[in-house]
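Thanks for coming, everyone. Let me put the structure up, and then we will walk through it.

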Amino acid sequence: MTILLDVRDLHVTYRAAGGDVPAVRGVDLTVESGSVLGLAGESGSGKSTVALALLRLLPGTANTTGQILLEGEDVLTMRWGRLRAVRWMDAAIVFQGALHALNPVRRIGDQIAEPMLLHRTVAFGRVRGRVAELLERVGLPASRAGDHPHRLSGGQRQRVMIAMALACEPRLIIADEATTALDVMIQAQVLELLGGLTSDQGIGMIMISHDLSVLAAHCDRLAVMYAGRVVEQGPAAEVVRDPAHPYASALSSAFPRIGDPASRLAPRGLAGEPPDPAAPPPGCVFRPRCARAQAVCATVDPPLYPVAPDHDGHSTRHAACVHVGPARAAERKEHP
């Protein structure tokens with residue numbers, strides 16, 4: 001598989017009246033063709049900011065640094081004309097709030113057709129047929145093409161957004177809570193559709209969700225974000241089943257598991273609130289909410305350490321926790 005997206009040391013800082021607010025702090029991500037990367041975390045962890053930064057959709061108050069290499073080309077240094085050509089054609093995003101993303105005075109068929117007409121991917125005479133095909137692929141009858149957004153339910157509007165994202169057959173799709181407003185049956189159908197696209201057409205996908213069970217079932221790899229940075233990443237099923245970072249463990253434990261009465265009757269939560277991004281605590285930002293915090297956590301902001309590395313120090317999983325890094329290495333030396 002080839003690397004479609006390579007994000008290196010991404011920082012996003014918002015300018016505010018009270019001073020700069022760092023929303024994303026040194027994020028590294030990789031998406032390969034035919035694979036799905038899940039992005040998880042509480043509201044305010046920086047997931048949507050990362051998604052918008054990938055196509056330079058952030059407001060003018062945001063300052064973005066680092067590299068966003070889309071098939072080897074840095075999105076952050078693209079000229080405006082090149083960036084317009086990349087959007088929808090090479091990469092498309094399914095926004096979290098379809099009600100606000102869709103134009104309320106235009107019919108949904110015209111909105112789905114717009115990127116195809118803009119990029120001339122379909123002959124004008126075939127656009128209506130292509131719109132009908134896309135609507136049916138996401139579970140809507142072709143006859144709804146003439147409706148305005150207010151005549152559709154929240155789930156139907158979300159499906160229209162997915163159809164728009166698929167219109168120009170991009171190589172990368174960014175799905176920001178794309179199935180949140182859908183009922184369970186339609187959610188399963190849409191996830192199956194998106195999963196089929198990655199395997200059949202070799203596209204890459206970033207799937208953002210609060211639902212770790214969805215990410216574990218439909219993603220190849222999972223990155224867990226807290227306070228603007230990735231605190232754990234690795235194979236999705238492993239991260240959910242056996243998380244190494246205390247925050248990832250708390251997220252996983254918050255969801256009841258089928259066949260486990262203890263988790264169903266008493267799911268574990270996480271006390272406290274996420275830190276103020278404008279004034280994060282010193283050391284590890286998760287320390288004030290962590291039951292495993294030690295004195296060293298107040299002075300060290302740990303990088304991503306390899307989890308259970310091999311003899312050469314390589315691992316498919318990484319976590320930003322002292323219990324994974326030096327402390328775990330010391331334990332291995334004492335008890336080889």
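One term before we start: buried means under 20% relative accessible area, exposed means over 50%, and partly exposed is in between, with a 1.4 Å probe and protein chains only. This is a predicted model: local features need pLDDT of at least 70, side-chain atom pairs count only at pLDDT 80 or more, and totals for chains, interfaces and linings use all residues. Residues are numbered from 1 along each chain as its sequence is written, and side-chain values use heavy atoms, with hydrogens and water left out.

Let's begin with the aromatic rings. A pair of aromatic rings is described by the distance of the centres and the angle of the planes. Rings of Phe, Tyr and Trp (its six-membered ring) pair if their centres lie within 6.5 Å; planes under 30 degrees apart count as stacked, over 60 as edge-to-face, and the rest as tilted. How many aromatic pairs does the structure hold? There are 3. Take tyrosine 226 and tyrosine 247. Their ring centres are 4.6 Å apart and their planes sit at 55°, so this pair is tilted. The pair links distant parts of the chain. Tyrosine 226 is in strand 9 (residues 221-226), tyrosine 247 is in helix 10 (residues 246-253), and they are 21 residues apart. Helices here are DSSP runs of H or I with at least four residues, strands are runs of E with at least two, and both are numbered from the N terminus.

Are these two tyrosines buried or exposed? Tyrosine 226 is buried, with a relative accessible area of 1%. Tyrosine 247 is buried too, at 0%.

Now the partner on the other side of the story. Tyrosine 226 also pairs with phenylalanine 286, edge-to-face, at 5.1 Å centre to centre and 85° between the planes. This pair links distant parts of the chain as well, 60 residues apart. Phenylalanine 286 lies in the loop between helix 11 (261-265) and strand 11 (305-306). Both tyrosine 226 and phenylalanine 286 are buried. Tyr226, Tyr247 and Phe286 form one aromatic cluster.

Next, the nonpolar cores. A nonpolar core is a set of buried Ala, Val, Leu, Ile, Met, Phe, Trp, Tyr and Cys residues joined through side-chain atoms within 4.5 Å. The largest has 61 residues. Ile112, Met116 and Ile162 are among those with the most contacts inside it. Helix 6 (residues 154-166) gives the most to this core, with 7 residues. A second, separate core has 32 residues, including Leu55 and Leu172.

On to contacts, meaning heavy atoms within 4.5 Å. Leaving out residues up to four places away in sequence, methionine 116 touches eight-odd neighbours we can spot on screen, among them Val127, Leu134 and Cys168. Scratch my loose count there; the neighbours of methionine 116 include Val127, Leu134 and Cys168. Cysteine 168 counts as buried, because its relative accessibility is 8%.

Isoleucine 93 lies in strand 6 (residues 91-94). It counts as buried at 6% relative accessibility. With the same sequence neighbours left out, isoleucine 93 touches Ala51, Leu52, Leu55, Leu57, Ala165 and Ile174.

Last, aspartate 6, in strand 1 (residues 3-16). At 15% relative accessibility, aspartate 6 counts as buried. Its side chain joins that of arginine 8 in a polar contact of 2.9 Å. A polar contact is a pair of N or O atoms within 3.5 Å; within protein, one must be able to donate a hydrogen and the other to accept it, and residues adjacent in sequence count only if both atoms are side-chain atoms.
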